[in-house]
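Biologist: I should be grateful for a close look at one part of this structure, followed by an account of how other parts may be read in the manner of that part.

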Amino acid sequence: MDQIDVNNHQYLVQALEGSVSSDDQYRKKCEDYLIKFSNKEGSVASLMRVMSNFQCDDSVRLAASIRLKNHVLSNWSSSSDFGPSESTVITASDRSFLLDNLYLCLVSVGAGQKGIRNQCYEILRHIMFNVEVNEIKNLLSSISSDLGQRTDSDRVLCSLYCLRKVMTKYEYHGSGQASEVNEVLTAFLGPLMAVAEDASKIGLGNDEAATLIHLVLKIYFSSALLTSPTIPILRDSMQHWMTLIKYTINDFTKWQLTWNKKDLDVAPFSELGNENEEMLCKFEQFKCVKWAMRILNRFISRQNSFSDDDNRQKFYSLFISNNYSIKVDKNLIDEYLVLVLNMLKLESEYKLTLNNLTHHLMWTYLRHSLNVESQFHYILKGNLSQIIGVYCLSTFKYTKEDVSIYEEDPETFIQSLSDVCYQFYSNRGSCSDFLRELVKSYTEESLTQIKQVIGACFENNDSALLYSTLSIIGYVSDKLIKKTRQTHNSYSGNNLKSIINKESKKKNKPNYDHLQIDGEELLERKVVQLLNSEDIWIRTRAAWLCGCVLKRAYNFRNFETLKTIYFRLLDLLADPELLVSVMAANAVIELFRVDDDMFQDVIVKSISVLLQRLFMLMNRIELESVTSVLGEIVDSYSYEVIPYAKDIILNISNNITKNLLNKESNISVDYADDEKTLVRWSMLQTLNTIIRLLSPSENKEKAGKEKSEEKLALELNNYLIIISTIVNLLKLLFTKPDENSFDYLDEASLLLANLVKLLDIASIKQLVLSSGFGFGNFWQLFLDLLNLIRTQGFEYVTDFAILRDPLVALAHRDSQGFVAILEDLYRTCKEASNNGFTDEVHEVLSDSLEVSLNTAALNSIFDRLLQDSCSRVLSLLSNYKKHNFHDLAPNNMQFMRLTCLLIMYYYQNSTTLASNQNSLHNLKILTDFILKNSLYCTWKLGRKYCILTCCTLIKNNVTKAENSSVVNLLVTLLQSAKDTKDQSEEEYHYSESDSDTDYDYDDDYSDEDDSDWDEFEFDDSPLKNVCEMKLAKQLLLSLNEPLEHHQLNAQQLMTFLNTI
């Protein structure tokens, strides 16, 4: 195999056989040969011949298809990018051969070779996004031919699978593809309908017929719903397709009457376990219903979305009626909604078995139907007692399968609950969404029925029924429970008009008090006693319901009721049943927000017990909803938790360490990756909060007062334990990451920065340094972080700017250590810039320059930074045309900041920098760039850098650049800054809109500025407290030279400066 010959069939087969060999060395040799083979012209035909050769072993044929797929996915380019033949690009002849013969090859491999066919489908799907329609005419012709014949059902199936891949090209097409879409749809919708009609004559009881209908519906879902509704063939064929959907649903119910369920024993409306769900999803009949319901859901959701577009609404309303009229009339009822309700009725009568996905789609359809008033009043309203009292109530009951799964694996079961973690396609989750929307849209009608159901169920001794009743109360608590939350309205100042208007709107709202339940009374009379139930499921739901009710009932009349609930939940945190403890933890959060000083004092006095039991629970399960409780305690009782800071830090660190080491030791922990990420992110965020609470507070620092005089929050030795613990944790996170590390690396890097700031307290710094622990250890952690980013690959990096906080914190406090790591930092920044993180690199380098203005720490790499920035300027200038030159600065704000800081750094440290002609030339280019573009800088902080740069230049006798006056520019910048400030002050007032929009009058509002640019003004910057306006004013007043060619004369300038 030393010589590669695409016509040598024997060598190719040997290499394919070797690619699955157990001998690593031989396998690697064969794989290398196959890669080189693929890059030769003619390789595509050779591989496809092996795929179709029945004399070859199945493993060899499959290996050939995988090699072809990998080659196409790596090297196929669109025809517009197709150029001269290269060794690593699919040539024109290979490209043409693949397009003309892929479908024939796929059909010829045989129905038994699903693995090969799946590879072919993947190839087709990929090339469809990178091909013109005229290049696949032969392919489309073959598909059309096989769709029309009825002698070979396998070829019909192949044509449908391929057509589905073709249609993916048009699912999200642009207006430029409209004619192409019309052409494809016109050619295939007719034959598709014919296939469906022929299959429907056989019925869903036949698996092959069901497969055909499933594929036809799947293709129609793409073509009819994700393209323009104005396409005539879609509009004209609408009722034919809706008839097919109606047939599919009806025949599915008939099929179930004769379906052999074997050992499948599921209660109606129950949430299936993964095994049963996966089994049912594989049935072609269930796939048919799935796509039928998806089509109905998309139509009804789009009808609601396009309510302001008559043309689109008419199109998406066609599935309800043949008539285009949208007039509400009894004759225009939705027969598909009736079909869905009939399916639920049949299931309640044990005549139908449905899986989670089907339930999800049905409840979603019911929820969308609530937006069409005619559907509610003429269909749903009359069935509310059945929907709520039977279907919903049955859905929320716990089942024997729930009990079995929980007993076998409590953690996995808890993870699967929609009340704890978000679940896709959850039966119970979708049903609860429907209930919430129902009580929101039709409050009076729904609450009346719900109260009747509650009253009847509370009298019943069935635990599963009681569990379900408690669930319904919790899901609709936002409307069912009276709100007793106290509102803090201030009737003074500019917001008086706003409050009056809100109160007026409140009076005009419908009053449902007579239908609502007193939350405190519900808890006191019913729920509290259920917290002591011997049934774990009742204890679980009672604890969960406490949290739901407490979100509405903030003010309690009976103080003892609050205390009883709190202490019982506190006990349940240590319940032997993990499920109960998790729900109690979620509920106890709401008690932190109760507006009662006496009760809050009770929580504070018991906070040590609360923390201890929470730590125990965190060691039992890794769950974000549990760890977030700890974060809530720290946020709500910041001062009170400081004495327990060491315990909190040790517990969190041990928890993260244990889980990371378990992963490294291949100890199986069945948690979803997203959940693990949220847990660790939440824990690290809490650690950051605790460390900030222990750090020196700015508002306590007096000018001239030593930080060492500050009173420590903890005993001195505890700080050493805390610092060493977190250092070990960060070492583990940075050197032994898991696959999700980058999702929470931002909090870990921020933790390093906050830890360094602890050393601002002199006594802590002295203790740490005397223990043999110094800044070198922190810098090593920073180097570990850099190495992690480089070794894991920049494709996993979400934000390179996570380096900013630890870098600034360390550089500000240890400039010598900063000098020592500069080469590593510069190399990493170069790699990051080459991988698409240009703006983030500019942020990191700008921070480095700014924090080092007074220390000259960047001298060793300054010339390289200057050269890189100069090259960047020349590149920007060549890419921006004159007519859009004013966009250059706003689109490159981070680079503007970097350039300003380079200029300031140079003049600040010119005596220590090695000057050469090249550096001076580069500096001049950067200076001209800033002076020319600073007027277009609209960013407030960016304008500050431009003003300070001008001041720096003037101080160093650089008063002209490109024949323009730096002094004149400075005055213009000051005028612009002053005008912006004055305009902002004029606009800063409260105003009340006359809009009829109904806002919740007691929502929390924030007047904080959420500008993304505020983060670039950091505390450790020597420029933080510099007022650029005052500095510029003093500088201009000290100048003796008059302004040159400026709109202000000397007297006007003095008048202007006096206004600053």
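What relative accessibility does aspartate 198 have, and does aspartate 198 count as buried, partly exposed or exposed?

Modeller: The model is predicted, and every statement below should be read with that in mind. Aspartate 198 has a relative accessibility of 30% and therefore counts as partly exposed, since the intermediate class lies between under 20% for buried and over 50% for exposed. The residue belongs to helix 9, which covers residues 178-202.

The side chain of aspartate 198 has a partner. It forms a salt bridge with arginine 150, and the closest N and O atoms of the two are 2.7 Å apart. Arginine 150 is placed in the loop between helix 7 (137-148) and helix 8 (153-167), so the pair ties together parts that are 48 residues apart in sequence. Arginine 150, at 40% relative accessibility, also counts as partly exposed. In general terms, side chains of opposite charge can pair when their charged atoms come close.

This pair is one example from a longer list, as a search of the whole structure finds 36 salt bridges. A second example is contained within a single helix. Arginine 436 and aspartate 433 meet in a salt bridge through their side chains, at 3.3 Å from N to O. Both residues lie in helix 22 (residues 427-441), where three residues, or about one turn of the helix, separate them. Arginine 436 is partly exposed at 37% relative accessibility, and aspartate 433 is partly exposed at 36%.

A third example again joins separate segments. Arginine 557 forms a salt bridge with glutamate 520, with the closest N and O atoms 3.7 Å apart. The pair links distant parts of the chain, 37 residues apart: arginine 557 sits in the loop between helix 28 (536-550) and helix 29 (559-572), while glutamate 520 belongs to helix 27 (residues 519-530). Here the two partners fall into opposite classes of accessibility. Arginine 557 counts as exposed at 61%, whereas glutamate 520 counts as buried at 4%. Beyond these pairs, there is also a network of salt bridges that links Arg804, Asp847, Glu850 and Arg897.

Charged side chains also gather without such pairing. Asp674, Asp743, Asp746 and Asp799 form a patch of negative charge on the surface. Such a patch admits residues that have over 30% relative accessible area and no salt bridge. One of its members, aspartate 799, has a relative accessible area of 32% and is therefore partly exposed. Aspartate 799 is located in the loop between helix 40 (775-792) and helix 41 (804-813).

Turning from charge to sulfur, a search of the whole structure finds zero disulfides. For cysteine 950, the nearest cysteine sulfur is that of cysteine 951, at 7.0 Å, and cysteine 950 is in no disulfide. A pair of cysteine sulfur atoms would have to lie within 2.5 Å to count as a disulfide. Cysteine 950 is buried, with a relative accessible area of 0%, whereas cysteine 1027 is partly exposed at 34% relative accessibility.

Buried positions can also be considered together with parts of the chain that are remote in sequence. Leucine 215, in helix 10 (residues 207-225), is buried at 2% relative accessibility. Its C-alpha atom is separated by 9.5 Å from that of glutamate 284, although the two residues are 69 residues apart along the chain. Tyrosine 406, in helix 20 (residues 400-408), is buried at 3% relative accessibility. The C-alpha atoms of tyrosine 406 and leucine 579 are separated by 8.5 Å, with their positions 173 residues apart along the chain.

Two loop residues deserve attention for their backbone. Most residues other than glycine have a negative phi. Phenylalanine 269, which is not a glycine, has a positive phi of about 70 degrees. It lies in the loop between helix 12 (238-258) and helix 13 (274-281), and it is buried, with a relative accessible area of 0%. Tyrosine 350, likewise not a glycine, has a positive phi of about 65 degrees. Tyrosine 350 is found in the loop between helix 16 (335-348) and helix 17 (356-369). In contrast to the buried phenylalanine 269, tyrosine 350 is exposed, with a relative accessible area of 63%.

To return to the part in question, aspartate 198 is a partly exposed residue of helix 9 that is tied to a loop 48 residues away in sequence through its salt bridge with arginine 150.

Notes: Residues are numbered from 1 along each chain as its sequence is written. This is a predicted model: local features need pLDDT of at least 70, side-chain atom pairs count only at pLDDT 80 or more; totals for chains, interfaces and linings use all residues. Side-chain values use heavy atoms; hydrogens and water are left out. Patches are made of residues with over 30% relative accessible area and no salt bridge: like charges are joined within 9 Å, nonpolar side chains (Val, Leu, Ile, Met, Phe, Trp, Tyr) within 5 Å. Accessible areas come from the Shrake-Rupley method with a 1.4 Å probe; for residues, only the protein chains shown count as cover. A salt bridge is a side-chain nitrogen of Lys or Arg within 4 Å of a carboxyl oxygen of Asp or Glu. Lys and Arg count as positive and Asp and Glu as negative; His and the chain ends are not counted. The place of a charge is taken as NZ of Lys, CZ of Arg, CG of Asp or CD of Glu. Helices (H or I, at least four residues) and strands (E, at least two) are DSSP runs, numbered from the N terminus. Buried means under 20% relative accessible area, exposed over 50%, partly exposed in between (1.4 Å probe, protein chains only).
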